There are 2 protein chains.
Amino acid sequence: MDKNDLLPIGELARRTGLAVSAIRFYEDKGLIQAMRTMGNQRRFLRSDIRRLSFILIAQKLGLGLTEIEAELSQLPQGRTPTLSDWQKLSRSVRVALDAKIQLLTRTRAKLDECIGCGCLSLQRCQLYNRDDRAGAGGTGPRYVLE
Amino acid sequence: MDKNDLLPIGELARRTGLAVSAIRFYEDKGLIQAMRTMGNQRRFLRSDIRRLSFILIAQKLGLGLTEIEAELSQLPQGRTPTLSDWQKLSRSVRVALDAKIQLLTRTRAKLDECIGCGCLSLQRCQLYNRDDRAGAGGTGPRYVLE
DNA sequence: ATGCAACCTCAAGCTAGCTTGAGGTCAAGC
DNA sequence: GCTTGACCTCAAGCTAGCTTGAGGTTGCAT
């Protein structure tokens, strides 16, 4: 951990494509941590580039920041994550992704039945079912099938 | 169109499982239309149950209200949609769903490569690519892969 | 004709995920 | 030593998709 390995926020932003404000936001949410210079400026580790990459990828897979934080918390505390730490995390995401694909595939099958009858009826059609909503949690309909 | 076929908003809510406030919200957004009684109360057609069902289903598939409105606008104006109108719309949704599944499947393949190297690097990894974000539109990362 | 549930409008609030702006500080080059 | 750009905090704003609340009206049953 050489002094050259500490990155200011702008550099991290440049490397990840994120906005500076977004990185500060993530820090605020506890997704990433920074050291401070004596002048109160943030300094990040090189490995935080990877951490932010993970956040971006996981977001693309439809995970919310809270879920992502949960995933990230599985990384070792104190030491810089190794390659195999990241592999473990990736596999964990792969499981989530699998589930998502399966659910969509099942939904497509139902939709196909539904196209057959053209009903779109909440009563007759399996496509939509009330209990799903109840179990969805949070306010309003979800954006993502989960 | 018998007088019995006009439903007050509460009845529509009961039939669809939606909150009354949500239905008013959708009306406000132009997703559904209502007649008014002389006392200014909303009255809906029976076929609006199906319209709302469609909204719910499309939302589960990850479509936003704007996209859903675009889909719905393909329904015939003036007359109550027929079964084959709904079938056409369902097929249109099926296409969107197909695309979504394909994208996820491709992503999974990339993730698998990535697990191999454990890199999660924006430079080397295909999983995340900057141009996707640029093309995403709107503010911030999207919730759903599209 | 009266009571009360269901309806109305309009404004404000909430979660997620950020951005933008105001007002101020730090650090490096000339 | 002074300018300039990158950095800081804190508060407010924005989109999506609704809900909640205040304050008022309708309409159906008794």
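Hi everyone. Let me start with a definition: a residue is called exposed if 12 or fewer other C-beta atoms lie within 10 Å of its own. Keep that cut-off in mind for this structure, which is a predicted model.

Take N40(B). This residue has 6 other C-beta atoms within 10 Å, so N40(B) is exposed. N40(B) sits in the loop that runs between β1 (35-36) and β2 (42-43) of chain B. Its backbone is worth a look too: phi is positive, about 70°, although N40(B) is not a glycine.

Now over to chain A. N40(A) has 6 C-beta neighbours inside 10 Å and therefore counts as exposed. N40(A) lies in the loop between β1 (35-36) and β2 (42-43) of chain A, and its phi is near 70°, again a positive value in a residue other than glycine.

On to the DNA. Which residues come closest to DNA strand C? Of the 24 residues that surround the strand, the closest are A19(A), G39(A), L65(A), G10(B) and R42(B). Elements giving two or more residues to that surface are α2 (20-28) and α4 (65-72) from chain A, plus α1 (9-16) from chain B. As for chemistry, the surface near DNA strand C holds 14 polar, eight nonpolar and two charged residues.

Last stop, the domains. Chain A is assigned domain 1 (1-81) and domain 2 (83-146). Their contact draws eleven residues from domain 1 of chain A and nine from domain 2 of chain A. On the domain 1 side, helix α3 (residues 47-60) of chain A supplies the largest share, three residues. That side of domain 1 has seven nonpolar, two polar and two charged residues.

Thanks, folks!

Notes:
Residues numbered from 1 in each chain as written. Chains lettered and ligands numbered in written order. Predicted model: local features only at pLDDT ≥ 70, side-chain atom pairs only at ≥ 80, totals over all residues. Near = placed C-beta within 6 Å. Helix = DSSP H or I, 4+ residues; strand = E, 2+ residues; numbered from the N terminus. Nonpolar A, V, L, I, M, F, W, Y, C, P; charged D, E, K, R; others polar. Buried ≥ 20, exposed ≤ 12 C-beta atoms within 10 Å, placed from the backbone. Domains from an automatic or database assignment. Contact = placed C-beta atoms within 7 Å.
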